[in-house]
Amino acid sequence: MATCKMCRTSIEVPEGWSVGAAVRRHYWAEHPDRMLRSQADRAAESELRRPAPPPTGRATGAGTPSRREPPRTRPA
Ligand SMILES: [Zn+2]
C-alpha cells in the first residue's frame, strides 16, 4: 500500500506490481496533468500512450526478489 503525495489517498498495489507502477497508474487516473508534465520532460512517449499495463505472469521473480511483503501470520 502506498500513499499518494498529491491527494493523500491510499494507493493499492496489485500483486506483482511495483509500488512505482501502482502510483503511476493512480497518477494517470487522478492527476494526469502532473504525469503529462513530468513525462514530457523526459519525452517518454511510449509511457504516455500505454499507462503501465499489469505484468501478467511476466518478470515475476526474475532477478527481483519480492521481499517487500511482510510474512503472513500462519500456524507455525
Ligand atoms: Zn492522488
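Modeller: Welcome! The expected span of a helix is 1.5 Å times one less than its number of residues. Helices (H or I, at least four residues) and strands (E, at least two) are DSSP runs, numbered from the N terminus. This is a predicted model: local features need pLDDT of at least 70, side-chain atom pairs count only at pLDDT 80 or more, and totals for chains, interfaces and linings use all residues. Residues are numbered from 1 along each chain as its sequence is written.

Biologist: Thanks! How far apart are the end C-alpha atoms of helix α1?

Modeller: Helix α1 covers residues 19-30, which makes twelve residues. At 1.5 Å a residue, the expected span is 16 Å. The model agrees with this, because the end C-alpha atoms are separated by 16 Å.

Biologist: In which order do the helices and strands come along the sequence?

Modeller: There are three helices and two strands in the chain. From start to end, the pattern is β-β-α-α-α.

Biologist: Where in the chain is confidence lowest?

Modeller: pLDDT is the predictor's confidence in each residue, from 0 to 100. The chain has a mean of 79, with 67% of its residues at 70 or more. Strand β2 has the highest confidence, at 96, while the lowest, a mean of 55, belongs to helix α3 (residues 45-49).

Biologist: Which residues of α1 are buried?

Modeller: A residue is buried if 20 or more other C-beta atoms lie within 10 Å of its own, exposed if 12 or fewer, and partly exposed in between, with C-beta atoms placed from the backbone. Just 4% of the 76 residues in the chain count as buried. In α1, the buried ones are Arg25, His26 and Tyr27.

Biologist: Valine 23 is in helix α1 too; which residues does it contact, beyond its neighbours within four places in sequence?

Modeller: Valine 23 has 18 other C-beta atoms within 10 Å, so it is partly exposed. Its C-alpha lies 7.9 Å from that of valine 13, ten residues away in sequence. Contact means that two C-beta atoms, placed from the backbone, lie within 7 Å. With those sequence neighbours left aside, valine 23 contacts Ala2 and Ile11.

Biologist: Is arginine 8 buried or exposed?

Modeller: Arginine 8 sits in the loop between β1 (2-3) and β2 (10-11). Its phi is near 60 degrees, a positive value in a residue other than glycine. Inside 10 Å there are 7 C-beta neighbours, so arginine 8 counts as exposed.

Biologist: And what separates the C-alpha atoms of histidine 31 and cysteine 7?

Modeller: Histidine 31 is in the loop between α1 and α2 (32-42). With 15 other C-beta atoms within 10 Å, histidine 31 is partly exposed. Cysteine 7 is 24 residues away along the chain, and the C-alpha separation is 9.1 Å.
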